[in-house]
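Colleague: Please choose one part of this model and take me through it closely, then set it against the rest of the chain. I would rather have one connected account than a list.

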Amino acid sequence: MIYKFRAILDAEEDVFRDIAIQEEATLEDLHNAIVNAFGFDGLEVASFYTCDDTWNQEDEIPMFDTGDIPGEQKTMSDYTLNQLLGEDQTKIIYVYDFINMWTFLVELAAVEEAEAGETYPSLLFSHGELPAIAPEKEFEAEGEDFYSEFEDDLDEDDLDAFGGDDSFEDYGFEENWN
């Protein structure tokens, strides 16, 4: 079977590519197809991220094993497309070049029979021009404000444990600094 994907640049402008690839191809093969479809040089590091139906990023699947123990972390070449994606899981996030953060929303649009004489992967459709620089990303945590985790009910008066006396002489600290 052939998987047909739409890879959409996460930007305000509509920039996307439709790619057909065999279901037994690896994520590394899909990475190479996306790199070629958008005209990147392929010299930068990239990762896929599993996600939920609303594109919330979950687990990273990197190009290279970056774990502490060699061989412990699975990489793009370890996963076939049909292992991760299908009717019940159609979305995955792709990030190319961690300096510029080119981010793509990749969605499985169709699963079809292979066409006789066609070579895969293949670029089916191209829409929009890739901008000269990657769109800026805003990273926001969902839900609570990150800093609220560190807030407490203490104020300045509560923090004055020495009754207004800022001197540490009574505790013998002076002799430790000589």
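Modeller: Read along the sequence, the chain runs β-β-α-β-β-α-β-β-β-α, a total of three helices and seven strands, and it should be kept in mind throughout that this is a predicted model. Of its 178 residues, 33% count as buried, and about 12100 Å² of surface is exposed, with carbon and sulfur atoms supplying 46% of that area. Among contacts between residues at least 6 apart in sequence, 62% join residues at least 24 apart.

The part I would look at closely is Ser47, together with the residues around it. Ser47 belongs to strand β3, which covers residues 46-51. Its relative accessible area is 1%, so it falls among the buried residues, the limit for that class being under 20%. The side chain of Ser47 has a polar contact, at 2.6 Å, with the side chain of Glu60. Beyond its neighbours within four places in sequence, Ser47 touches a run of residues made up of Glu60, Ile61, Pro62 and Met63, and further along the chain it meets Met76, Ile93, Tyr94, Val95 and Phe98.

One of these partners, Phe98, leads from the buried serine to the surface, where it joins Val45 and Phe64 in a nonpolar patch that has about 270 Å² of accessible area in total. Phe64 itself sits in the loop that connects β4 (57-62) with α2 (81-84). With a relative accessibility of 48%, Phe64 is classed as partly exposed, because the exposed class begins only over 50%.

A little before Ser47 in the sequence comes Glu44, in the loop between α1 and β3. Glu44 is partly exposed, at a relative accessible area of 33%. Apart from its neighbours within four places in sequence, Glu44 contacts Met63, Tyr96 and Asp97, and Met63 is also among the contacts of Ser47. The C-alpha atoms of Glu44 and Tyr96 are 6.8 Å apart, although 52 residues separate the two in sequence.

Asp97, another contact of Glu44, deserves a careful look at its backbone, since this residue has a positive phi, near 70°, without being a glycine. It is located in the loop between β5 (91-96) and β6, and its relative accessibility of 6% makes it buried. That loop also holds Met101, whose phi, near 60°, is again a positive value in a residue other than glycine. Further along, the loop between β6 and β7 (122-127) contains Pro121, and the peptide bond that leads into this proline from Tyr120 is cis, with omega near 0°.

On the other side of Glu44 in sequence, the loop starts from helix α1, residues 27-38, whose twelve residues span 16 Å between the first and last C-alpha, close to the 16 Å expected at 1.5 Å a residue. The buried residues of α1 are Leu27, Leu30, His31, Ala33, Ile34, Val35, Ala37 and Phe38. As a general point, an α-helix has 3.6 residues a turn, so residues three or four places apart point the same way. After α1 comes Gly39, with a positive phi near 80°.

Away from this region, the chain has two salt bridges. In one, Lys4 pairs with Glu112, with 2.6 Å between the closest N and O atoms; this pair connects distant parts of the chain, as Lys4 is in strand β1 (residues 2-9) and Glu112 is in strand β6 (residues 102-112), 108 residues apart. Glu112 is partly exposed, at 32% relative accessible area. In the other, Arg6 is paired with Asp18, and the closest N and O atoms are 2.7 Å apart. Arg6 is in strand β1 and Asp18 in strand β2 (residues 16-22), so this bridge ties together parts that are twelve residues apart in sequence. Arg6 is partly exposed, at 31% relative accessible area, whereas Asp18, at 13% relative accessibility, counts as buried.

To return to the starting point, Ser47 is buried at 1% relative accessible area, its side chain is in polar contact with that of Glu60, and its contacts include Phe98, which contributes to the nonpolar surface patch with Val45 and Phe64.

Note on methods:
Residues numbered from 1 in each chain as written. Heavy atoms only, no water. Helix = DSSP H or I, 4+ residues; strand = E, 2+ residues; numbered from the N terminus. Buried < 20%, exposed > 50% of the residue type's maximum accessible area, 1.4 Å probe, protein only. Polar contact = N/O pair within 3.5 Å; in protein donor to acceptor, adjacent residues only side chain to side chain. Contact = heavy atoms within 4.5 Å. Patch = residues over 30% accessible without salt bridge, like charges linked within 9 Å, V, L, I, M, F, W, Y side chains within 5 Å. Areas by Shrake-Rupley, 256 points an atom, 1.4 Å probe, with all protein chains shown as cover. Salt bridge = Lys/Arg side-chain N within 4 Å of Asp/Glu carboxyl O. Expected span 1.5 Å × (residues − 1).
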